[in-house]
Amino acid sequence: MSVRTRFAPSPTGFLHIGGARTALFCWLFARHHKAAFILRIEDTDEVRSTRESVDAILHSMNWLGLDWDEGPLLTKRDEGWDEKGSHGPYFQMKRTEHYKRYVKQLIDEGKAYPCYCTAEDIDAMRKLAESEKRNYRYDRRCRNLTADERKAREAQGKKFSVRFKMPEDGETVVDDGIRGQVHFDNKLRQDLVIQKTSGVPTYNFANVIDDHMMEVTHVVRGDEHLNNTPEQQQIYSALGFTPPKFAHLSMILGPDGAKLSKRHGATSVLEYRDQGFLPETMRNYLALLGWSTPESQQLFTQEELVAKFGLEGCQKNPATFDNAKLLWMNGEYIRTSTVDRLLEQAKPFLEKAELGSVDRKVLSTAVKLEQEKAKLLSDIPGLVEFFFREPNYDPKAVDKVLKAPGADKVVEELAVFLEKVEPFTEKSLEDAIRKFCEDTGRKTGQVFHPIRVAVSGKTTGPTLFGMLELLGKATVVARLKSAQKLCVQA
RNA sequence: GGCGCGUUCGUCUAGCGGCCUAGGACGCUGCCCUCUCAAGGCAGAGAUCAGGGGUUCAAAUCCCCUACGCGCCA
């Protein structure tokens, strides 16, 4: 049988880092096994589900390069999303008839039952248990009602939820792909609600029906679902379905050890994009959060990731998200990226800095000169800006370098000297300026630094002569001249 | 509170009974390279493997208990 797997997010918010990590692992698992990868939207939370969230999830996955074989299409139309795949629909709210059918089947077979207890009833039971210092567990008072008793309640117009009958003894063993066998004592389990009074199925039920109907063979999901798995497995067998293989991923924690959340700063995938991270960085970094190879390899191409990924390498304990390492990795990817790709990825940032329509060739060379310094795509505009407009003189740089003794003379003399350098290229500039140092008896540092600051406004920057060449003679000379007034000591 | 999961450098991790005086990566420190900044190279600090009991000739690795963290249910 062919392998099929899925990612099944609830559209109750943007795709956060934890969700993205789960999506990535599902996707890697699928691609590694050449399996079908399904994207299913679990929108049964009528209150919190939004269309914006669906959109955000779709676009986040698309940005990360996680493509799916079945599920909603990326672009939304007025009436919703078109879908692809033969096992749809892929929105749970479009599948309610199936859930109802199976709920009915379970009731008819005596494997589930209507429960007429109201929220108040449940609350009272809970309070009582608390006052008696007992653990609350639904007392199953509706489990064995006779047909007449049910009729009577319905005649009173009582609404009901539907509960699944858990076995009263024995144990349920979950054979987890990451954790191994996990044993659960059936006695201690609840009769899970599978359909709410609204008629909408609960997560744990819809999930089972869909995974079965979509012929999912492997479920890779977050740790928070491990505790629901015994109930789900019992539902599978009550329905005569073969359960899929489960694998539960550990959680991702914030720097303080608590589950990663909004108060830790950026948590949405798209926020990382907007900060200037490359999708390949996110993919690579997230893959390393809870997964590793025996060699502890750090950097992977997309293909390597797919080829090497496996559940064996997955960590059981939660991982803390580390921004410093993420940043390092992004620098790594920026450095090894082609300039063209960088330009394309940095486009929104360049446009924002009004460098969107600047000479492409100059920009390309400027980016190449500065590439190794950028940690974020959003660093790029600031690094190349001075090639296109008058520099912002950093006061510290001016104080330290231009106001240094003798700097004024250097700047003044060079404005004249560089006028004569021909051709105005990196190589001949270096030769000429070095010779200038020699002839005037100056150390190279005494000359190089003032030029740099006069021309770029900063003490840091790319290789001096390459920078001068790109700037061009006219600009260089003009800036040296205008910088002379900055050299005057107060 | 019950149940479940987890615990190796600050962080991500390697390790599946002897190769461990615990390896790699990020970060940190220093040196080298050098026109600055980066990048790169080299070196270094950093983990009594949560604690305690076993099992074994031998345990980070197997078993038990405790502590702590997290999750689910309530």
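In this predicted model, Val-219 has Phe-246 as its bridge partner in strand S11. That pairing belongs to a bigger match-up: strand S10 (residues 218–222) and S11 run parallel to each other over 5 bridges. To get from S10 to S11, the chain goes by way of helix H7 (residues 229–239), and the resulting β-α-β crossover is right-handed. As for S11 itself, which spans residues 245–249, the strand is mostly covered, with 4 of its 5 residues buried.

The connecting helix is tucked away as well. H7 has 10 of its 11 residues buried, and the buried set takes in polar side chains as they come in the list, including Thr-229, Glu-231, Gln-232, Gln-233 and Gln-234, along with Ile-235, Tyr-236 and Leu-239. Right after H7 comes Gly-240, with a positive phi near 75°.

Stepping back to the whole of chain A, the domain assignment splits the chain into domain 1 (4–92 + 252–320), domain 2 (95–249), domain 3 (337–387) and domain 4 (395–487). Going by C-alpha atoms, the centres of domain 2 and domain 3 sit 55 Å apart.

Then there is the RNA. Strand B is surrounded by 51 residues, and the closest of them are Arg-126, Asn-135, Arg-179, Lys-373 and Thr-463. Most of what the protein meets is backbone: of the RNA strand B atoms within 4 Å of the protein, 77% are from sugar or phosphate, and bases supply the rest. A few bases do get picked up, though. The side chain of Asn-227 puts an N or O atom 3.0 Å from a base nitrogen of RNA strand B, and a polar backbone atom of Leu-464 is 3.1 Å from a base nitrogen. Glu-372, for its part, uses a backbone N or O atom, 2.8 Å from a sugar or linking oxygen of the RNA. Elements giving two or more residues to the surface near RNA strand B are strand S8 (180–185), strand S13 (319–320), helix H11 (323–336), helix H18 (444–456) and H19. H11 chips in the largest share, 5 residues.

H19 (residues 464–471) also holds Leu-468. Leu-468 counts as buried because its relative accessible area is 0%. Beyond its neighbours within four places in sequence, Leu-468 is in contact with Phe-424, Leu-429, Ile-433, Ile-451, Val-455 and Val-476. Val-269, by contrast, is 199 residues from Leu-468 in sequence and 39 Å away in space, C-alpha to C-alpha.

Key:
Residues are numbered from 1 along each chain as its sequence is written. Chains are lettered from A and ligands numbered from 1 in the order in which they are written. This is a predicted model: local features need pLDDT of at least 70, side-chain atom pairs count only at pLDDT 80 or more; totals for chains, interfaces and linings use all residues. Side-chain values use heavy atoms; hydrogens and water are left out. Buried means under 20% relative accessible area, exposed over 50%, partly exposed in between (1.4 Å probe, protein chains only). Two strands pair if DSSP finds at least two bridges between them. A crossover is right-handed if, with the strands pointing away from the viewer, the path from the first strand over the helix to the second runs clockwise. Domain bounds come from an automatic or database domain assignment. Contact means heavy atoms within 4.5 Å. A residue is near a molecule or strand if one of its heavy atoms lies within 4 Å of it. A polar contact is a pair of N or O atoms within 3.5 Å; within protein, one must be able to donate a hydrogen and the other to accept it, and residues adjacent in sequence count only if both atoms are side-chain atoms.
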